[in-house]
Amino acid sequence: MVENQVEARGVHDPRVLSAMLAVPRHLFVNEALMDQAYSDHPLPIGDQQTISQPYIVALMTEALELEKDDRVLEIGTGSGYQAAILAQAAFRVYTIERNRRLYSTARNLFDKLGYYNIVTRYGDGTKGWKEESPFNAIIVTAGAPAIPDTLVDQLDIGGRLVIPVGSLFSQELIRIEKTENGINEINLGGCRFVKLIGQHGWDHN
Ligand code: SAM
């Protein structure tokens with residue numbers, strides 16, 4: 001997976017590659033799908049949600065340019081796989097999930113696998129996690145109609161935010177960096193995510 005899907009497509013950050021070699025992706029999917037866990041596509045995790053394609057996880061993680069001491073916020077815990085990758089590459093991960101079942105399943109898995117540097121919260125991640133801000137990096141793993149100001153506000157100076165932004169059917173992966181003088185924004189290309197639902201995202205229906 002790492003060689004053929006990640007490195008072959010241009011992700012070379014050693015921190016990202018070693019995290020992806022270390023995390024057992026098959027433990028983050030349903031038993032019936034374990035034989036597809038390392039395949040080149042997203043997989044269902046129930047309730048119409050997905051664990052992202054390995055390459056997208058790698059691309060987004062690389063774009064965060066993580067350092068060992070970084071504190072990272074993730075919106076959309078889902079299966080917990082992306083959080084586990086972040087936990088290998090950074091100091092502490094704060095992750096928020098709005099689906100109660102996914103939240104509980106991921107929390108139990110983090111405990112079972114010993115990811116003690118992942119802090120979980122059940123709720124609307126579009127509001128961020130103000131008490132723990134500012135963050136060195138923020139990753140949103142669901143598609144938003146626009147970049148929530150709440151999240152930009154909770155980014156440290158020098159901090160990076162990666163988020164899919166667009167319509168319900170397709171988005172662009174946007175990376176922003178917060179500087180003393182404002183925001184630098186780049187487009188990493190097209191993508192397709194399930195919707196970010198919440199106060200600063202899409203409505204539920
Ligand atoms: N990062 C996940 C993983 O590694 O499996 C994949 C996430 S899945 C593509 C998107 C997730 O975002 C879903 O679990 C969904 O319930 C969650 N989500 C959507 N809107 C949210 C919100 N406002 N706050 C927190 N989680 C949200």
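Here are some informal notes on this predicted model, taken element by element.

1. **Strand S4, the place to start.** S4 covers residues 92-97, and five of its six residues are buried, so the rest of the structure largely encloses this strand. If you have the model open, colour S4 before anything else and work outwards from there.

2. **S4 and S3.** On one pairing, S4 runs parallel to S3 (residues 71-75), with five bridges between the two. To find the register, look for Ile 75, which sits opposite Ile 96 of S4. The connection from S3 to S4 goes by way of helix H4 (residues 81-89), and this β-α-β crossover is right-handed.

3. **S4 and S5.** S4 also pairs with S5 (residues 118-122), again in the parallel sense and over five bridges. Here the pair to look for is Glu 97 and its bridge partner in S5, Tyr 122. With helix H5 (residues 100-113) in the middle, S4 and S5 make a right-handed β-α-β unit.

4. **Helix H5: length and ends.** H5 has 14 residues and spans 20 Å from first C-alpha to last, close to the 20 Å expected at 1.5 Å a residue. What caps the N-terminal end of H5? Asn 99 does that job, with a side-chain oxygen 3.0 Å from the backbone nitrogen of Arg 101. After the other end of the helix comes Gly 114, with a positive phi near 80°.

5. **Helix H5: its buried side.** The buried residues of H5 are Leu 102, Tyr 103, Ala 106, Arg 107, Leu 109 and Phe 110. Looking down the helix axis, they fall within an arc of 165°, so they line one face of H5. Note that Arg 107 is on that list of buried residues. As for what they pack against, the partners are S1, S2 (49-51), H4, S4 and S5.

6. **Gln 82 in H4.** Gln 82 belongs to helix H4. Is this side chain's residue buried or exposed? Its relative accessibility is 7%, and the cut-off for buried is under 20%, so Gln 82 counts as buried. Leaving aside residues up to four places away in sequence, Gln 82 touches Val 57, Thr 61, Glu 74, Ile 139 and Thr 141.

7. **Helix H3.** Nine of the ten residues of H3 (residues 54-63) are buried, so this helix too is largely enclosed by the rest of the structure. The buried set includes Pro 54, Tyr 55, Met 60 and Ala 63. Val 57 and Thr 61, both contacts of Gln 82, are also among the buried residues of H3.

8. **The S1-S2 hairpin.** S1 (43-46) and S2 pair in the antiparallel sense over three bridges. Gly 46 stands opposite Gln 49 of S2, and two residues separate the strands of this hairpin. Asp 47, in the turn, has a positive phi of about 55°. Gln 48, in the loop between S1 and S2, has a positive phi of about 60° although it is not a glycine. At 74% relative accessible area, Gln 48 is exposed.

9. **Other backbone spots to check.** Most residues other than glycine have a negative phi, and most peptide bonds are trans. Against that background, have a look at Glu 65, a non-glycine residue with a positive phi of about 45°. Glu 65 comes just after H3, in the loop leading to S3, and at 49% relative accessibility it counts as partly exposed. Then there is the peptide bond from Ser 133 to Pro 134, which is cis, with omega near 5°. Pro 134 lies in the loop between S5 and S6 (135-140).

10. **The loop between H2 and S1.** Two residues are worth picking out here. Asn 30 is in this loop, and a polar atom of its side chain lies 3.0 Å from the backbone nitrogen of Ala 32. The C-alpha atoms of Asn 30 and Ile 45 are 6.9 Å apart, with the two residues 15 places apart along the chain. Asp 35 lies in the loop between H2 (14-22) and S1 as well, and its 68% relative accessibility makes it count as exposed. From Asp 35 to Ile 157, 122 residues apart along the chain, the C-alpha separation is 42 Å.

Methods:
Residues are numbered from 1 along each chain as its sequence is written. This is a predicted model: local features need pLDDT of at least 70, side-chain atom pairs count only at pLDDT 80 or more; totals for chains, interfaces and linings use all residues. Side-chain values use heavy atoms; hydrogens and water are left out. Buried means under 20% relative accessible area, exposed over 50%, partly exposed in between (1.4 Å probe, protein chains only). Helices (H or I, at least four residues) and strands (E, at least two) are DSSP runs, numbered from the N terminus. Two strands pair if DSSP finds at least two bridges between them. A crossover is right-handed if, with the strands pointing away from the viewer, the path from the first strand over the helix to the second runs clockwise. The expected span of a helix is 1.5 Å times one less than its number of residues. The arc is that of the directions from the helix axis to the C-beta atoms. Contact means heavy atoms within 4.5 Å. A polar contact is a pair of N or O atoms within 3.5 Å; within protein, one must be able to donate a hydrogen and the other to accept it, and residues adjacent in sequence count only if both atoms are side-chain atoms.
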